[in-house]
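User: I have a model open and would like to go through its strands and aromatic contacts. Could we start with the strands?
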Amino acid sequence: MTESQHEDLDFRALMDDVQPLRSGTDRADPGRPRTDPSEAQLARRQSAEAEDETHWGLSDDFVDLVPPFDPLEWRRDGIQRGVVERLRHGGYPAQASLHLLRRPLEECRRALPVFVREARESDLRSVLIVHGRGREIDSAANVLRSYLAKWLAALEEVQAYTSAGQGDGGIGATWVMLRKSERARAANRERQQKRRG
């Protein structure tokens, strides 16, 4: 007997008592569909919603480190370059400031969006964030500073940001220009209407 004939006999012996499935019973029964989420699903959903509220969608995932002596600068489309330059040179007064020096990254991630939203709700337009930087010329990149660059661009209230001038903290601080609140826009429209007469 050849090897293939031997394998064929072994296969038949193994399959001898196997019965074919009847038509219609050849699928697994998944049970009836679940209409309400389980307690575990509800707990996960509640946890995710609480985290979103706390962090406002700011990620602490991988970030490209900004070299220690590179200035930060970003602006949304439609914001003129002159506005950013004026912001950098302190042309807009600091209406509020947030000090993040020596604070853990997670604490900064929670504090930043709350500060920005409260500032905008209070009709503030220019705020200063003090985050620090390395003191030595060969210092490693400041991780918080790198995350700030990512987080500020992700917040819809932020129109532009730039590293501060030497008199305001230099590379260790960042000026932030916020969008006008609806209340401030309405007041601005009203002033323009009065001028036109």
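User: Which way do the residues of β3 point, and are they buried or exposed?
Analyst: Ser 126, Leu 128 and Val 130 point one way from β3, Val 127 and Ile 129 point the other way, and all are buried. Buried means under 20% relative accessible area, exposed over 50%, and partly exposed in between, with a 1.4 Å probe and protein chains only. Strand β3 covers residues 126–130; helices (H or I, at least four residues) and strands (E, at least two) are DSSP runs, numbered from the N terminus.

User: Before we go on, what kind of model is this?
Analyst: This is a predicted model, in which local features need pLDDT of at least 70 and side-chain atom pairs count only at pLDDT 80 or more, while totals for chains, interfaces and linings use all residues. Residues are numbered from 1 along each chain as its sequence is written, and side-chain values use heavy atoms, with hydrogens and water left out.

User: In which sense does β3 pair with β2, and in which with β5?
Analyst: Strand β2 (residues 96–99) pairs with β3 in the parallel sense over four bridges. With β5 (residues 173–178), β3 pairs in the antiparallel sense over five bridges. Two strands pair if DSSP finds at least two bridges between them.

User: Where does Leu 128 fit in?
Analyst: Leu 128 in β3 is the bridge partner of Ser 97, and Leu 128 also stands opposite Trp 175 in β5.

User: Changing topic: how many aromatic pairs are there?
Analyst: The structure holds two aromatic pairs. Rings of Phe, Tyr and Trp (its six-membered ring) pair if their centres lie within 6.5 Å; planes under 30 degrees apart count as stacked, over 60 as edge-to-face and the rest as tilted. Trp 74 and Tyr 161 form a stacked pair, at 5.7 Å centre to centre and 25° between the planes. This pair links distant parts of the chain, with Trp 74 in strand β1 (residues 73–75) and Tyr 161 in strand β4 (residues 158–163), 87 residues apart.

User: Are those two buried or exposed?
Analyst: Trp 74 is partly exposed, with a relative accessible area of 23%, whereas Tyr 161 is buried at 4%.

User: And what about Tyr 147 and Trp 151?
Analyst: Tyr 147 and Trp 151 form a tilted pair, 5.3 Å centre to centre with 35° between the planes. They are four residues apart in helix α5 (residues 143–154), so about one helical turn separates them. Tyr 147 counts as buried at 7% relative accessibility, and Trp 151 is buried with a relative accessible area of 1%.
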